[in-house]
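Here are a few exercises to work through with the model open beside you. Try each task before you read its solution.

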Amino acid sequence: MEKRVNIKFCFNLGQTAMETHEMLVKVYGVEAVSKKCVFEWFKRFRDGKEDVKDEPRSGRPPTSTTPDKVRRMLADDRRLPLRMIAEELKISLDSVSNIIHEHLQKRKKKVYAFPTSLRSSNVWQRCFERYRKKSLLTVSSSCTTDVRSVL
C-alpha cells in the first residue's frame, strides 16, 4: 500500500513511470515493485482512478485455516490421520499436509516393528544356520565324502 501511495505521489508530480520505478528501486531495493506494476498503476491514475486500494474481486472469497486450528487438533491427539483433520476443518488433504509440514515444521516419524524372530540375537543365529546349510550343500555336491564326518 505504501508503495502505491508513493507511485501516486510521483504521478501527481508529473514524473514518468520509468523515473518513478527508478526512485522506488533506490528507496526499496529488491523490495521495490516491478516496472510492469508501476506502469499499470500509472495507467489506472491516467484513467481517473484515485484509490490506491485493490478493487474487489469476483469469485469465491479466500478461506483461511490457520495453523493454530491444526495445532490444537494435533495437541489433543497427535496420531490423528491427515484425512480426519481435513474432513473436520473442511479443507483439502494437501492443505493439511502443507500446514503440518511447512507452518508447524512437523515430520511424520516412521516406526518399524520387528517380529521377535528378527531381533539381533536371532539374526546372527539365523544367518549362521543359513550359511551352514549353504556350505553343507556345496560340500556334499562337490565331494563324495560323508558330510557328517567332515564336521
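**Exercise 1. Find where Ala86 sits, and state which residues it touches beyond its neighbours up to four places away in sequence.**

Solution. Bear in mind that this is a predicted model.
- Step 1: look for the residue in helix H5, where Ala86 lies.
- Step 2: check its cover. Ala86 has a relative accessible area of 7%, and the cut-off for buried is under 20%, so Ala86 counts as buried.
- Step 3: list the partners. Not counting residues up to four places away in sequence, Ala86 touches Ile91, Ser92, Leu93 and Val96.
- Step 4: take one of these partners, Val96, and compare sequence with space. Ala86 and Val96 are ten residues apart in sequence, and their C-alpha atoms are 6.1 Å apart.

**Exercise 2. Work out which residues of H5 are buried and which are exposed on the other side.**

Solution.
- Step 1: pick out the buried residues of H5, namely Ile85, Ala86 and Leu89.
- Step 2: look around the helix axis. These three cover an arc of only 100°, so they lie on the same side of H5.
- Step 3: turn to the other side of H5, where Arg83, Glu87 and Glu88 are exposed.
- Step 4: ask what the buried residues meet. Those of H5 pack against H4 and H6.
- Step 5: follow the chain out of the helix. After H5 comes Lys90, with a positive phi near 60°.

**Exercise 3. Place the buried residues of H5 in the largest nonpolar core, and say which helices each supply at least two of its residues.**

Solution.
- Step 1: collect the members. The largest nonpolar core has twelve residues, and Ile85, Ala86 and Leu89 are among them. Others include Val70, Met73 and Leu74, as well as Val96, Ile99 and Ile100.
- Step 2: assign helices. At least two residues of this core come from each of H4 (67–76), H5 (82–89) and H6 (93–103).
- Step 3: look for a separate cluster. Another core lies apart from this one, with eleven residues that include Leu24, Val33, Phe42 and Phe45.
- Step 4: set this beside a general trend. In soluble globular proteins, nonpolar side chains tend to be buried together.

**Exercise 4. Decide whether His21 is buried or exposed, and find what its side chain meets.**

Solution.
- Step 1: locate His21 in helix H2, which spans residues 17–28.
- Step 2: read its relative accessible area, 12%, which means that His21 is buried.
- Step 3: look for a polar partner. A polar atom of the His21 side chain lies 3.1 Å from the backbone oxygen of Val33.
- Step 4: complete the surroundings. Setting aside neighbours within four places in sequence, His21 is in contact with Val33, Ser34, Lys35 and Val38.

**Exercise 5. Count the disulfides, then compare the cover of Cys10 with that of Cys37.**

Solution.
- Step 1: recall that a disulfide is a covalent bond between the sulfur atoms of two cysteines.
- Step 2: count them here. The structure holds zero disulfides.
- Step 3: check the two residues. Cys10 is buried, at 6% relative accessible area, whereas Cys37 is partly exposed, at 22%.

**Exercise 6. Describe the whole protein by its helices, its strands and its share of buried residues.**

Solution.
- Step 1: count the elements. There are eight helices and zero strands.
- Step 2: work out the share of cover. Of the 151 residues in the protein, 19% are buried.
- Step 3: finish with the surface. The accessible surface comes to about 13,000 Å², and 54% of that belongs to carbon and sulfur atoms.

Definitions and conventions. Residues numbered from 1 in each chain as written. Predicted model: local features only at pLDDT ≥ 70, side-chain atom pairs only at ≥ 80, totals over all residues. Heavy atoms only, no water. Core = buried A, V, L, I, M, F, W, Y, C linked by side-chain atoms within 4.5 Å. Buried < 20%, exposed > 50% of the residue type's maximum accessible area, 1.4 Å probe, protein only. Helix = DSSP H or I, 4+ residues; strand = E, 2+ residues; numbered from the N terminus. Areas by Shrake-Rupley, 256 points an atom, 1.4 Å probe, with all protein chains shown as cover. Polar contact = N/O pair within 3.5 Å; in protein donor to acceptor, adjacent residues only side chain to side chain. Contact = heavy atoms within 4.5 Å. Arc of directions from axis to C-beta. Disulfide = S-S within 2.5 Å.
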